[in-house]
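Q: I would like to learn how to read the empty spaces in a protein model. Could we go through them one by one?

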Amino acid sequence: MILSDGLVVALAVALLLVLIAARTPIFIALSVSGITGLLCLSGFDGLKLVPLAMGAQLQEYALVAAPLYILLGEALAVTGLGRDLFGAAHRWFTRVPGGLGASAIASSTLFGAMSGVSISSVALIGRMAVPEMLSRGYKPGFAAGSVAASGALAMLIPPSLMFILYASVTGESVASLFAGGIVPGLLLALLMIGYVVVRAKLNPGSAPRDGEHFGWRERWAALGKITPALVLIALVLGSIYTGFATPTEAAAIGALLALAMTGLVYRKLGWANLKLIFASTATVSAAMLAIVGSAFVFTQMLVVARVPETLTDFVVGLDVHPHVVLIGIMLVLVLLGCLVDAASLLLVVTPILVPAIEELGFDPLWFGVLLVVNLEMAVITPPVGLNLYTMKSVVPELDLGDVFRGIAPYLAIEFALILLMIAVPGTATYLPSLIT
């Protein structure tokens, strides 16, 4: 019996979901379902596409920057910077209702600009911030939600690995994507802080005031501890936006400076930390590149089945306003994000959706930023949300139910930002227009 292309794709997607539900590593799930689909579509000749597809994608120059930015973040992580970031934020937000929650979000935002990996941000900030909040009477859901949600900002605020992956698939400029993520990232951080403050004001029992006060000298001293790292990030991003260096060159310079700073400024570059830095970088980079290669095998199967063209024709033929289609796509992605991790989902849906988005008249760069905002929800939605389980692992006394309940308001905040970006595209396109 010869199966139709549509049925083969449906069976491949079903196999992917079954493997994910069985807790198969995502790169194996993508590879197995993609190879199975290619076999059904093109027989053993289709398998010739597998090494070609993987090789072509992994040779993408934009991906060279990813391990370097990971190395930069891992080098800064061993310095105790997470503790210093939270301490500095706490001294500046101490008089604000829900000040510890606001401090956690602010420090996660700053660390996100250094690591680009959301679970690293949750692990480092959560290890210090959540026990501190719990000891002062904060509700567990309030404490865990503020850290798990704000950790996702690392995906949006440059240097973002998600933008590097999107650029590797679409050919968009990494520098422009980085610039496009700045305003939405900062706006999202402000919305999260605003929610924490308002909730603490309306319901003081969820975030009691501790009456602790710090003088201006203590505030500036705490800020001084994190200044070297902030200067490093400013140099890295500034070199990109001024055209002095490409994103990859800036990543290489930033990684070297981060290692030098870890040793010379923070005095933490001993042999044990050096092994930890390179081991963590290799582990994260290998996992990411394995997903990139396997996701491209799966998308190659979709290309052979002409899914992008079919979807484009279907979307363009709909007799509805393009924004209605776009909101529908966003809702579908939210549901998919509950089942598939963010990086894998981005790599699978981007080659399918971008042609349709362009046919509808939308800017693919703007859509890339919008897509990353949407996929932030994938790391904070059960049952797959990695930030939730990272939060539980670093603070074992937390109940997962409290973590899940604490994250719910932030999902609404994320989707509100999506609607704002659809209504005002300039939130993501204004800064990129300045550097181009």
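A: We can begin with the lining of the second largest pocket: 23 of its residues are nonpolar and one is polar, with no charged residue among them. Keep in mind that this is a predicted model.

Q: How is such a space found, and what volume does the second largest pocket have?
A: Rolling a probe the size of a water molecule over the atoms shows where empty space is left. Here the second largest pocket holds about 530 Å³.

Q: Which residues lie nearest the centre of the second largest pocket?
A: They are V332, L336, V348, V349 and I352, out of a lining of 24 residues. Two or more lining residues come from each of α1, α13, α14 (307–317), α15 (322–337) and α16. With six residues, α16 gives the most.

Q: What is the volume of the largest pocket, and which element supplies the largest share of its lining?
A: The volume is about 1000 Å³, and α13 supplies the largest share, five residues. The lining has 32 residues, with I26, I291, D341, A342 and L386 nearest the centre. By class, 27 are nonpolar, three polar and two charged.

Q: How many cavities of 30 Å³ or more are there?
A: A cavity is a space from which the probe cannot get out. The count here is one, with a volume of about 60 Å³. Its lining includes H90, Y138, R209 and D210, and it divides into four nonpolar, four polar and two charged residues.

Q: What is the mean pLDDT of the chain?
A: The mean is 85, and 98% of the residues reach 70 or more. Among the elements, helix α3 (residues 49–58) has the lowest mean, 72, and helix α17 (residues 364–376) the highest, 94.

Notes. Residues are numbered from 1 along each chain as its sequence is written. This is a predicted model: local features need pLDDT of at least 70, side-chain atom pairs count only at pLDDT 80 or more; totals for chains, interfaces and linings use all residues. Side-chain values use heavy atoms; hydrogens and water are left out. On a 1 Å grid over the protein atoms alone, a cavity is a set of points where a 1.4 Å probe fits but cannot get out, and a pocket is an open set with protein on both sides within 12 Å along at least five of seven lines; lining residues have an atom within 4 Å of a point. Grid points are joined across faces, edges and corners, and a volume is the space filled by probe spheres set on the points. Ala, Val, Leu, Ile, Met, Phe, Trp, Tyr, Cys and Pro count as nonpolar, Asp, Glu, Lys and Arg as charged, and the others, Gly among them, as polar. pLDDT is the predictor's confidence in each residue, from 0 to 100. Helices (H or I, at least four residues) and strands (E, at least two) are DSSP runs, numbered from the N terminus.
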